[in-house]
Structures are given as C-alpha cells and as structure tokens.
Amino acid sequence: MEPKPTLCEGIIPMEKGIRIAELFRDEKKWLGKTALVQGWVKTMRDSKAGVGFIELNDGSTLKGLQIVTQLEGRDYSAILKQITTGSAILAEGLVSASPGKGQSIELQADRLHLYGGADPATYPLQKKRHSFEYLRQIAHLRPRTNTLGAIARVRNQLSFAIHQFFQDRGFYYVHTPVITASDCEGAGETFRVTTLDPARPPAAGLEDPYRDDFFQKPAYLTVSGQLQAEIYALALGSVYTFGPTFRAEDSNTSRHLAEFWMVEPEMAFHDLQDNLEVALAFIKYLTETMLTKCSEEVDFFTRFIEPELTKRLEKAAKSAFEIITYTEAVDILTRSKESFAYPVEWGSDLQAEHERYITEKALGRPVGITNFPRALKPFYMRVNEDQKTVAAMDILVPGIGEIIGGSQREERLDVLLEQMRLKAIAPEDYRWYVELREFGSAPHSGFGLGFERLIQFVTGIPNIREAIPFPRTPGHAEF
RNA sequence: UCCCCGGUAGCUCAAUGGCAGAGCGGGUGGCUGUUAACCACUAGGUUGGCGGUUCGAGUCCGUCCCGGGGAGCCA
C-alpha cells in the first residue's frame, strides 16, 4: 500500500530560535546557555587560518550578534565559504562573554546552517553606507540596512502608540472608506477609480459617460477620512481613523507622497481649545514613546542622521508648546527683521518660509497657530464671532513645517450653508453632511496628522520617501 | 508644474578642452580575537541618451531622460 501524501511531505519543520534583541535584553540570563539564532549576515571578518566572525542581524534590533565560527578542533571552512554578506543563516551555540570590544556577549557556533546565500559579486548592499537615493532603487532590500530597519521599527512602535493613545482615552477606531464619490473639500488632486478601459473610452456624446462604469458615477481614492469620521463622531462621541490617503498632486518635494497614512481623530462636544489640548497631548505622547520605547533607534538617528534629534524629542515631550493666533503670527513676522521672499500681510497664507521662521527661529519649538482668516480655509471650519476668522489650528514643528491641521467644525446649519455658498460648494453634493446639522447637530472638532511627516520629525530622516516602506510619488509606483 | 544643482567602475566620488582615476565593494593569496578588520596582487568604463562646436569633448552648446534641493500645493 502506497503511503498517502501529506501536507508536511518535503517540508522541514522550522527550528524555533531566539530573537537577537531578546538575547541582548537579558544578557546575564543567557550567558553560558545555548541559543539558536536566525537572520541575515551583515558583515564577516574571517581569517582563513584562524577565527572567523559573522555579524548577524535578524531585524529585531540595530545591534548585530557576533557569531564566532571556529574553535579548537572544529572546521567550518566548507560552509563558511558559502556564507557571504547578505546570506540567511542559522547559528546555534554557546552564549559567552566576548573578549573583544564592541559587544559584551557573542555566540560560539557549534552549528551553522545556510538557508539562502547571496552572491557577493551581485548583492547590492555593501557593509558601507549607501545613499538614500540608491537604496530607493532597491526597496526590496533596503529594510536590511540599519537606517531603514530602524525606521520600520519606529513606524511599528508609533502605529501601536497611536492606537494606545486613543484607546486609553475612550476613542473608537473607525474605518472610513478608501473609495469615495465626493471630491472631498478640495484637499489636493484626486486619483480616479474606474473600471473603464482608457484604450476604449465611452463613445463621445454619450448621455451618461459613466453608465458602464463600476459605480455609475465618478469615484475617487480618498483624500481624507474626515467627513465620514464626523458621521461617527456624531454617534459614538470620540473616534479616530488611521489609514491610507491619496493625493494626485504633481508634487516633488521631500515631504510629499501620493500615498500616505493619516491619523484623523474627530470628537463630539469638543471645541477648538479641547482639540488643541488633545493634539498637544498626542504629540507629547508620541515623542515620549520614542524616547522610552525606541531609545536605541533615537540614539542611532542622533548619531548618524540628525545631531539635534534627541534634544528635539525631549523638547517636544517635556516643554510646553507655544500657542499663538494667526494675527499674532503675522505680528511676529512683520516685526521681524527677516527679509522674506513673500510679503507678510493679514489675510494671506503663511508661506513655508514664514512657518519656518516662526517655529525654528522666533520660537524654536513646536507651535500651534489658531484662528486663520476665513477666506483661507475650507467650508467646514467653524466661523468665529468676528466673522473674519475660523476656529482652525495648525501645528508646526521645526524642520518639517505643518504636521497637524485641524479645526472646530461648523455645526450651525445656516452658517454651514452660507459657507458652502461662499466657497461655491453645492449642498446637494453633500446632502448627508448637511443633514448631520439638521438632525442632532453638536459642536465637534478634529484634526489630521500626516504619519510619514511624524516619522520624519521623530527620526530626523530628511526625505519622506524613507519614512514609508514603498513610496509612491509622481512617476514612481515600483515594488 | 516652476527655479537651481547634479548624472564618470557595483557603491561614494575625483579628473585647466589634451593618456579614464581613487577609496570602498568583488576575485586571488596572506594573517589564530576581528569590530567599516588588516597586508599584497588583480579584474572592472559606450563618462545618462541623441545631436552639435572643435585638430581633439567626461569637460563647451542644444535637447530629451533620470536623480537631488527649493518653491507652489498640502499632511
């Protein structure tokens, strides 16, 4: 009788190893014990006649574990020949005190296994520093570098902290739609979502060109979950969204992505002041998280990327933010002796150079600016008593500029309709949004935080394309 | 989209209009405790594409492509 094939046939069960970060976390406990580790070879220093060293990284921490590959009476030369920089290997052996400088423990290998080699002649990562521009071309390998690996761990830690912050405060996580039919609030250019074939467009002169399209009307990728978050805030109280957002702006700068992640809390029965307090507590919580949970990465970024980073984080986590009104900001700018390329005038938008002067030079720390001219801001922001300004708030940080934008929302039906009229927005296109003001309207507020810009701020990484694993920018959607 | 800067070996960069270079990485050999290891030797090039000026172009001009910085717009 023939044996029945089983699912496991030919599959070697994986051996359970220990993460290198765990080894370092409790070195004393592991000293003298046997450990099994699995990861990728960062560098090798071998002496063909003598002792060899492999620096192994498994992604759990910046620091590599030093594997010592030859002891008396053992010969690894056959397998060592195949283990090269970039190879995936297993190493098992005694954790012992290291006589060398640079690490206190090392692993004396009893057993080595090669999972997958890497041809040193063609492996794109060397043991030296590469430019970020080069690493972007090999986005499938760049998380194996110190910097991109560290950013990935920071992204993970802060994503978790974002949920923690809101969950601790009774917010509900709401999934707002990625596809939307409302070309929302004019926040940037939208990507179209369609199943029509551009090679075979609908016949010209067709009464309804969307008749055969999937949604039978124009549809887009979302540029913000805010309007839908408002719906749930006016039912659940305090909610937040955290998801991808899409802007088709032809924008080529170090702080723009076509696809980025945004955090958008929305809170019923909260005015602008409450909103600001949540935003500031939020920034403090996230920077504090960096200092406590990502200290190894913070030290690394401070050493290699941005020398002022630790100071910047401590300032943001511990000291008070400066809160000024737009009018006060204009005063600061007009009184300054700085010569700006763009004139400063009440009623015109603050330019990047103005924002930078205020947060970097005039005040030297994160700044909240409130109550902007009504004409500059979208229809949904609440009109102040002076009729000239709206209850808006921007939070600026040194080095990045605007990281948070938010407002108290207009909850008064008549004022909202008037705002829509002034901004030439047809109420029938936002029927449901208007109805929220007809049925149980309530004061509410919210803001949006660009996650990748936050990552830039807390790591000091200069280009936003390193703040996300797979950056999408004009002309680039690889990987 | 606009302005500025750049594109030379696998990577990071040199090279008055006059022989195409270095460091790192790769290969080979050496070295019994290395830390971006070290020492010796060695291979490696359509100087982004196309066109032009010139006796001669990596270098000057035109144009396109790509990358970076900044601006606008924004988070």
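Two strands count as paired here if DSSP finds at least two bridges between them. With that in hand, strand S6 (residues 172–173) just makes the list, as S6 and S9 pair in the parallel sense over two bridges. Keep in mind that this is a predicted model. Chain A is assigned two domains: domain 1 covers 20–116, and domain 2 is made of 144–188 + 223–466.

**The two domains**

- There are 45 Å between the C-alpha centres of domain 1 and domain 2.
- Contact between the pair involves four residues of domain 1 and seven of domain 2.
- On the domain 1 side of that contact, two residues are nonpolar, two are polar and none is charged.

**The sheet**

- Eight strands make up an open sheet with mixed pairing, and the order reads S6-S9-S10-S15-S14-S13-S12-S11.
- S6 and strand S11 (322–325) sit at the edges with a single partner strand each, so one side of each has no neighbour in the sheet.
- Strand S9 (residues 238–246) is largely enclosed by the rest of the structure, because seven of its nine residues are buried.
- On the S6 side of S9, look for Tyr173 opposite Tyr240.
- S9 also runs antiparallel to strand S10 (residues 259–268), with nine bridges joining the two. Here Thr245 faces Phe260 in S10.
- Further along, strand S13 (residues 389–397) and strand S14 (residues 401–409) are antiparallel too, joined by six bridges. One pair to pick out is Ile395 with its bridge partner Ile404 in S14.
- Helix H10 (residues 326–335) lies across S11, strand S12 (367–373) and S13, and runs at about 105° to S12.

**Nonpolar cores**

- In soluble globular proteins, nonpolar side chains tend to be buried together.
- The largest nonpolar core holds 77 residues, and those touching the most other members are Ala279, Ile395, Leu449, Phe451, Leu454, Ile455 and Val458.
- Helix H7 (residues 272–293) supplies the largest share of this core, with eight residues.
- Ile395 therefore turns up twice: it is one of the core residues with the most contacts to other members, and it is bridged to Ile404 in the sheet.
- Leaving aside residues up to four places away in sequence, Ile455 touches Ile151, Val154, Arg155, Ile461 and Ala467.
- A second core, separate from the largest one, has 16 residues, among them Val37, Val41, Ile67 and Ala109.

Notes. Residues are numbered from 1 along each chain as its sequence is written. Chains are lettered from A and ligands numbered from 1 in the order in which they are written. This is a predicted model: local features need pLDDT of at least 70, side-chain atom pairs count only at pLDDT 80 or more; totals for chains, interfaces and linings use all residues. Domain bounds come from an automatic or database domain assignment. Two residues are in contact if their C-beta atoms, placed from the backbone, lie within 7 Å. Ala, Val, Leu, Ile, Met, Phe, Trp, Tyr, Cys and Pro count as nonpolar, Asp, Glu, Lys and Arg as charged, and the others, Gly among them, as polar. A nonpolar core is a set of buried Ala, Val, Leu, Ile, Met, Phe, Trp, Tyr and Cys residues joined through C-beta atoms within 7 Å. A residue is buried if 20 or more other C-beta atoms lie within 10 Å of its own, exposed if 12 or fewer, and partly exposed in between; C-beta atoms are placed from the backbone. Helices (H or I, at least four residues) and strands (E, at least two) are DSSP runs, numbered from the N terminus. Axes are lines fitted to C-alpha atoms, for helices over the stretch in contact, and angles run from 0 to 180 degrees between N-to-C directions.
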